[in-house]
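Work through the following exercises with the structure open beside you, and try each task before you read its solution.

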Amino acid sequence: MPILSYRDLRIWREGYALVLEIYAVTAKFPSDERFGLISQMRRAAVSVPSNISEGFGRTWREQVHFLTIARGSIHEITCQCMIAKDLKLADAERATQLIARYDGLSAGVHSAMSQLKRRGEPRPPVTTRT
């Protein structure tokens, strides 16, 4: 299946699905977290598919840059899920599942970055001996 849009990327689809999960989980947090952990988690979650889509169609270097930002947001949201679990704001099992899914997504983003670098690296000039 050819990739014609960022929506065709598995990493974008998983990142988008996780945004919906994070919104559902944080909707059950106490209202005093509205400007704290809820806001932080939602912004980090939205950042992942947003940066994947923003990098799509740009040069390979720019794509790698935006994937790097997405991967940073993945690490951020993973940490925040751990905090929510330990503070008992989120169900422990659900938080653990989210962390595992984000770990898998991080591996997928890393793989995409590696592929882009391999395909995009300029080749050294061919020299001939005289």
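For the angle between two helix axes, values over 145 degrees count as roughly antiparallel, while values under 35 degrees count as roughly parallel. The structure is a predicted model, and the mean pLDDT of the protein chain is 92, with 92% of its residues reaching 70 or more.

**Exercise 1. The pair α1 and α2**

Decide how α1 and α2 are oriented to each other: roughly parallel or roughly antiparallel?

Solution. Begin with the geometry: the axes of α1 and α2 are 9 Å apart, and the packing angle is about 165 degrees. Next, compare this angle with the cut-off, which is over 145 degrees for a roughly antiparallel pair. Therefore α1 and α2 are roughly antiparallel to each other. Finally, look at the handedness, where α1 passes α2 in a left-handed crossing.

**Exercise 2. The pair α2 and α3**

Describe how α2 and α3 cross, and state which classes of residue make up their contact.

Solution. The first step is again the geometry, in which the axes of α2 and α3 come within 8 Å of each other and cross at roughly 155 degrees. This angle makes α2 roughly antiparallel to α3, and the crossing of the two helices is left-handed. Sorted by class, the residues of the contact of α2 with α3 are 15 nonpolar, seven polar and two charged.

**Exercise 3. The pair α3 and α4**

Carry out the analysis for helix α3, which covers residues 60-86, and helix α4, which covers residues 92-120.

Solution. These two helices pack with their axes 9 Å apart and at an angle of about 165 degrees. Since the cut-off for this class is over 145 degrees, α3 and α4 are therefore roughly antiparallel to each other. The crossing in which α3 passes α4 is left-handed. In the contact of α3 with α4 there are 17 nonpolar, eight polar and four charged residues.

The loop between α3 and α4 holds Lys88, a residue that has a positive phi of about 60 degrees although it is not a glycine. With a relative accessible area of 71%, Lys88 is exposed.

**Exercise 4. The aromatic rings**

Find how many aromatic pairs the structure holds, and classify each of them by its geometry.

Solution. A pair of aromatic rings is described by two quantities, the distance of the centres and the angle of the planes. The structure holds two such pairs. In the pair of Tyr6 and Trp12, the centres are 5.2 Å apart and the planes stand at 70 degrees, and the pair is edge-to-face. In the pair of Trp12 and Tyr16, the centres are 5.1 Å apart and the planes make an angle of 25 degrees, so this pair is stacked. The cut-offs behind these two results are over 60 degrees for edge-to-face and under 30 degrees for stacked.

The next step is to place the rings along the chain: Trp12 and Tyr16 both lie in helix α1, four residues apart, which is about one turn of the helix. Taken together, Tyr6, Trp12 and Tyr16 form one aromatic cluster.

The last step is to ask how accessible each member of the cluster is. Tyr6 has a relative accessible area of 26% and is partly exposed, and Tyr16, at 43%, is also partly exposed. Trp12, by contrast, counts as buried at 13% relative accessibility, the cut-off for buried being under 20%.

**Exercise 5. Single residues inside the helices**

For Val25, Val48 and Gln40, name the helix and state whether the residue is buried or partly exposed.

Solution. Val25 has its place in helix α1, and with a relative accessible area of 6% it is buried. As a distance to check, Val25 and Arg13 are 12 residues apart in sequence and 19 Å apart in space, C-alpha to C-alpha.

Val48 lies in helix α2, where its relative accessible area of 0% makes it buried. The C-alpha atoms of Val48 and Arg119 are separated by 23 Å, and these residues are 71 residues apart along the chain.

Gln40 also has its place in helix α2, which covers residues 37-55, but at 33% relative accessibility Gln40 counts as partly exposed. The residues Gln40 and Glu76 are 36 residues apart along the chain, and their C-alpha atoms are separated by 9.0 Å.

Definitions and conventions:
Residues are numbered from 1 along each chain as its sequence is written. This is a predicted model: local features need pLDDT of at least 70, side-chain atom pairs count only at pLDDT 80 or more; totals for chains, interfaces and linings use all residues. Side-chain values use heavy atoms; hydrogens and water are left out. Axes are lines fitted to C-alpha atoms, for helices over the stretch in contact, and angles run from 0 to 180 degrees between N-to-C directions. Angles under 35 degrees count as roughly parallel, over 145 as roughly antiparallel, 65 to 115 as roughly perpendicular and the rest as oblique. A crossing is left-handed if the near helix is turned anticlockwise from the far one by less than a right angle, and right-handed if clockwise. Ala, Val, Leu, Ile, Met, Phe, Trp, Tyr, Cys and Pro count as nonpolar, Asp, Glu, Lys and Arg as charged, and the others, Gly among them, as polar. pLDDT is the predictor's confidence in each residue, from 0 to 100. Rings of Phe, Tyr and Trp (its six-membered ring) pair if their centres lie within 6.5 Å; planes under 30 degrees apart count as stacked, over 60 as edge-to-face and the rest as tilted. Buried means under 20% relative accessible area, exposed over 50%, partly exposed in between (1.4 Å probe, protein chains only).
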